[in-house]
Amino acid sequence: MSVVTSPLRALVSSDAPLSLDAAVIGAGVAGLYQLHLLREQGLTVRAFDTASDVGGTWYWNRYPGARFDSEAYIYQYLFSEELYKGWSWSEKFPAQPEIERWLHYVADRLDLRKDIQFETTITAAHFDEATGRWRIETDRGQVIDARFLITCCGMLSAPLTGMFPGQDSFEGQVFHTARWPKEPVDFSGKRVGVVGIGATGIQVIQTIADSVGHLSVFVRTPQYVLPMKNPTYTPADQEAYKAKFHALAAHIPHTFSGFEYDFENGAWADKTPAERRAILEAVWEDGSLKLWLASFAEMFFDEGVSAEISEFVRGKMRAELKDPALCDALIPTDYGFGTHRVPLERGFLKAFHRPNVSLVSVKDNPIAAITPTGLRLADGTEHRLDILILATGFDAGTGALTRIDIRGRGGRSLKEEWGRDIRTTMGVQVHGYPNLFTTAAPLAPSAALCNMTTCLQQQAEWIAGCIAYMRRRDLQIVEADETFQDQWVAHHDEIAAATLVTKTNSWYMGSNVEGKPRRLLSYIGGVGTYRQKCDEVAAGGYAGFNFR
């Protein structure tokens, strides 16, 4: 790969620490933009990524069926009309290869590659109180000395692996969806097992069902699903959405979820049952996440509304599945619609009617072990497999950072602190870790419940603005004040506790990772509200942050 022989490679072997104004971890959506913004200030900055090229999430998640579930024309950078209009999407919800090409386009148009070091993993970052700088180490033995450290590691980038005893003994092929190989996988005639039916598992299952010999789907937690309608874009369609650039750039950052649509149907209580049903039918037919993020906000905090909307979705799923046994296994009844991540599907439910697809419920009969020839359940049942696909999720929000040895003032460990209690200041800093900025971290909407490009752009801009503020005043250190952090955590928790999301178990609450402190990972007060609060802090001279 050409990127491996970059001129940066020669610098890695140098014994002297690499001195930077800022080091950025990650070359995905956030990292690319953060690099661009800081370079525009004239800073000496470099981004580091484990991957061999740009893309972040869209580099690693190349499993069959991987694609957007945000509309392509809003999953975009909105800071440059020229950049926006220079790329044309082929369909409403494009697949991973096209998304990866788009991020290559961004990196090339902004000439970012010259300041990105690929195939390099940051293993440790320790704050030196004597110098006020970060000492950063890589898996190549390289040492970096940086004033600022900005993590752009992604919300879902630390896959849960090694979850089952005996995994290394399996004699077939094992793939985790978040580490899918670039080379094609031949499924023809193979006995394939998929563990997990979250958003990723759903995309894999509906994509490979017709190409495998036999597919066994191991189901524990059923999911509410919405239909995906994915029209191809004509040149006229492309011109139409590009013509909306200024309107989108003005509107999207201020909606509840950072999508184009918002809750604009009025209050549930003000509608008749017929009016409510008509609205739900209309947003269902849209074939997007609109029913979840732009029908009735009351579904998030009113149990009665949640029950009615949940039953509406169940009814749609029952009509598709028909078989009572499939309905029992695949339709949720113990949590409300929208309190978990809502996947889009196009063929997932239908796949279970295929003669070569079997549903294996592991809710009451869990997977006990992976054997050399397949899977064994708790009751001793053996499932023989040639290929095992693990769509088992992530240590969301925190995992990407706790897998790095990050230490702040006094040697305090971020991994240890978040192991006790997950706390941040607006998701952009953590008290005790000066000059460390974070994107896609807990207690900000970028952790979930947001069109990621909307929130990641906002955070990258806020961080760049704070650094510019410091440079204008010749300030060297910034650290979140502990009292302000406590206030933000209390505000976050108060809003979260008023919702039904905190009353269920999902990766939103960290419930999928044993021992992880329970707290809603994403700020649920709304993307627009969060932006306003961040803007107010900046306009007030960054009150709540201490400088020196």
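A cavity is a set of points, on a 1 Å grid over the protein atoms alone, where a 1.4 Å probe fits but cannot get out; its lining residues have an atom within 4 Å of a point. The structure is a predicted model, in which local features need pLDDT of at least 70, side-chain atom pairs count only at pLDDT 80 or more, and totals for chains, interfaces and linings use all residues. Residues are numbered from 1 along each chain as its sequence is written, and side-chain values use heavy atoms, with hydrogens and water left out.

**Exercise 1.** Determine which residues line the largest cavity and how they divide by class.

*Solution.* Step 1: the search of the whole structure yields one cavity of 30 Å³ or more. Step 2: the lining consists of T151, C153, G154, G397, A400, L401, T439, A440 and A441. Step 3: five of the lining residues are nonpolar, four are polar and none is charged, with Gly counted as polar and Ala, Leu and Cys among the nonpolar residues.

**Exercise 2.** Establish the strand order of the open five-stranded sheet and explain why β7 and β12 have one side without a neighbour.

*Solution.* Step 1: the order is β7-β16-β8-β9-β12, with parallel pairing; strands are DSSP runs of E, at least two residues, numbered from the N terminus, and two strands pair if DSSP finds at least two bridges between them. Step 2: β7 (173–176) and β12 (357–361) are at the edges with a single partner strand each, so one side of each lacks a neighbour in the sheet. Step 3: β9 (residues 214–219) pairs with β12 over five bridges in the parallel sense, and F218 is opposite V360 in β12.

Note on methods:
On a 1 Å grid over the protein atoms alone, a cavity is a set of points where a 1.4 Å probe fits but cannot get out, and a pocket is an open set with protein on both sides within 12 Å along at least five of seven lines; lining residues have an atom within 4 Å of a point. Grid points are joined across faces, edges and corners, and a volume is the space filled by probe spheres set on the points. Helices (H or I, at least four residues) and strands (E, at least two) are DSSP runs, numbered from the N terminus.
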